[in-house]
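Biologist: I am new to this structure and would like a close look at a single part of it. Please begin with one strand and the residues it carries, then work outwards to whatever surroundings can be described with care.

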Amino acid sequence: MKRDWIATARTLSEALPYLQRYDGATVVIKMGGHAMGDDTAMAAFARDIVLMKQCNLHPIIVHGGGPQIGEMLKRLAIRSEFVNGLRVTDEATVEVVEMVLSGRINKRIVQAINAQGGKAVGLSGKDANLVICEKAMKTVKDPDSNIESVLDLGLVGEPVEMHPEVLRTFIESDFIPVIAPVGAGRNGETFNVNGDTMAGAIAGGMKAERLLLLTDVSGVKNAEGEVITQLTRADVETLTREGVIRGGMIPKTETAMKAIDSGVGAVVILDGRAPHACLLELFTEHGAGSLIRP
Ligand SMILES: Nc1ncnc2c1ncn2[C@@H]1O[C@H](COP(=O)(O)OP(=O)(O)O)[C@@H](O)[C@H]1O
Ligand SMILES: CC(=O)N[C@@H](CCC(=O)OP(=O)(O)O)C(=O)O
């Protein structure tokens, strides 16, 4: 028993250099819909976020909710399809997307953080014009003919303008922002934004030290299924061309590249279902997942 206490004290002591490194740092944490666990796992995640804030880090949470949107669309008998990890979104779909993301999921996370003694505030890209979007224009290249075509994904938004002042105000007053990936259009449209894309835009706008993308795999895997611990831009391009990075991993790696170009210190793609994933990544030498840095 005594030895356990000493080990606990040693772990706390070993956190000192990391606490010093991240003192006052902004860390954007994106929790994917697949990484959201049951109430116990959510409470543990929320506790770790409150601990970070207590240690003078400034966590900003951006969440997804793809599987939960999918369930609701199914109940409402609305068909849905994904192209390159993005949901083709019509008017009926975007209504459901906003309801599920800004409503149920956002408030679940807010409540979980508040239950641990934090002060969380739920927002979407619409609040204070945080994230203004335009219709996403995605191009795909046919690998055989090399011909490029533009995809029409409907009301899928690409962030084009950020107004992060509201986040700074909240952070300075010790609030923890929890952001749903819904964006405002310039002509009153509501846009469905991929959660990773939203997290990247927020991290870029805030020049965050770290962007953590929490998902349901332990990192970016190679063709043999092994996690690649460090990735360069060239690695990402090759793996995507070869189809090893596909589906939901495409918006994550694209986001990582863009975030780094906008001044984010580093991006980590890691398994959010692992207990204390964020604390291990930030405060110990046992960081897990795939690290992408400039
Ligand atoms: N090279 C790869 N390495 C790891 N996962 C990959 C890769 N290519 C595709 N994936 C898929 O991407 C998924 C993560 O994306 P997604 O389902 O959108 O997660 P989230 O809901 O957490 O955003 C993984 O569960 C995996 O099936
Ligand atoms: C355009 C687009 O695909 N939007 C996503 C938004 C939610 C999301 O990104 O959720 P995850 O992080 O859990 O995947 C969607 O409709 O599913």
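Modeller: In this predicted model, Phe191 is found in strand E10, and Phe191 is buried because 27 other C-beta atoms lie within 10 Å, where 20 or more are needed for that description. If residues within four places in sequence are left aside, Phe191 is in contact with Cys133, Leu155, Val156, Gly157, Val182, Gly183 and Gly185. Another residue to set beside Phe191 is Val97, which stands 94 residues away along the chain, although the two C-alpha atoms are separated by 9.3 Å.

Strand E10, which covers residues 190-192, also holds Asn192. Asn192 counts as buried because it has 26 C-beta neighbours inside 10 Å. Not counting residues up to four places away in sequence, Asn192 touches Arg87, Thr89, Val94 and Val97, and further along the chain Leu155, Val156, Gly157 and Val182.

Asn192 leads on to an annotation, for an unreviewed UniProt entry places the feature "binding site" at Gly65, Gly66, Arg87 and Asn192. These positions are spread over 128 residues of sequence, yet they cluster in space, with a largest C-alpha distance of 11.8 Å. Of these positions, Gly65 has its place in the loop between E2 and H4, and Gly65 is buried because 26 other C-beta atoms lie within 10 Å. Its contacts, once the neighbours within four places in sequence are left aside, are Gly33, Val100, Leu101 and Ile105.

Helix H4 holds Gln68, and here the description changes, because Gln68, with 18 other C-beta atoms within 10 Å, is partly exposed. Gln68 is in contact with Gly33, Val100 and Ile105, again leaving aside its neighbours within four places in sequence. Val97 comes up here as well: its C-alpha atom and that of Gln68 are separated by 9.2 Å, while the two residues are 29 apart along the chain.

Several of these names return around ligand 2, which has 16 residues around it, with Gly33, Gly64, Gly66, Arg87 and Gly195 coming nearest. Helix H4, spanning 66-75, and strand E4, spanning 86-87, each supply at least two residues of this shell. By class, the shell around ligand 2 is made up of five nonpolar residues, ten polar ones and one charged. Ligand 1, for its part, is surrounded by 19 residues, the closest of which are Gly32, Thr215, Lys221, Gly248 and Met249, and its shell divides into six nonpolar, ten polar and three charged residues.

Gly195, named among the residues nearest to ligand 2, belongs to helix H7, where it is one of the buried residues. Helix H7 is largely enclosed by the rest of the structure, because twelve of its twelve residues are buried. The end C-alpha atoms of H7, which runs over residues 195-206, are 16 Å apart, and this agrees with the 16 Å that its twelve residues should span at 1.5 Å a residue. Just after H7 comes Lys207, which takes a positive phi of about 50 degrees.

A second helix can be described in a similar way. Helix H3 has 16 residues, 39-54, and reaches 22 Å from its first C-alpha to its last, close to the 22 Å expected at 1.5 Å a residue. Buried in H3 are Phe45, Ala46, Asp48, Ile49, Val50, Met52 and Lys53. The elements that cover them include strands E1 (26-31), E2 (58-63) and E8 (176-180), together with helices H5 (91-115) and H10 (277-283). After H3 comes Asn56, whose phi is positive, near 65 degrees.

Strands E1, E2 and E8 then lead to an open sheet of eight strands with mixed pairing, in the order E5-E8-E2-E1-E11-E13-E14-E12. Its edge strands are E5, residues 120-124, and E12, residues 230-231, each of which pairs on one side only. Within this sheet, strand E11 (residues 210-215) and strand E13 (residues 266-271) run parallel and are joined by six bridges, with Arg210 standing opposite Ala266 in E13.

Conventions:
Residues numbered from 1 in each chain as written. Chains lettered and ligands numbered in written order. Predicted model: local features only at pLDDT ≥ 70, side-chain atom pairs only at ≥ 80, totals over all residues. Near = placed C-beta within 6 Å. Helix = DSSP H or I, 4+ residues; strand = E, 2+ residues; numbered from the N terminus. Nonpolar A, V, L, I, M, F, W, Y, C, P; charged D, E, K, R; others polar. Expected span 1.5 Å × (residues − 1). Contact = placed C-beta atoms within 7 Å. Pairing = 2+ DSSP bridges. UniProt positions renumbered as here; feature names shortened; annotations may be inferred.
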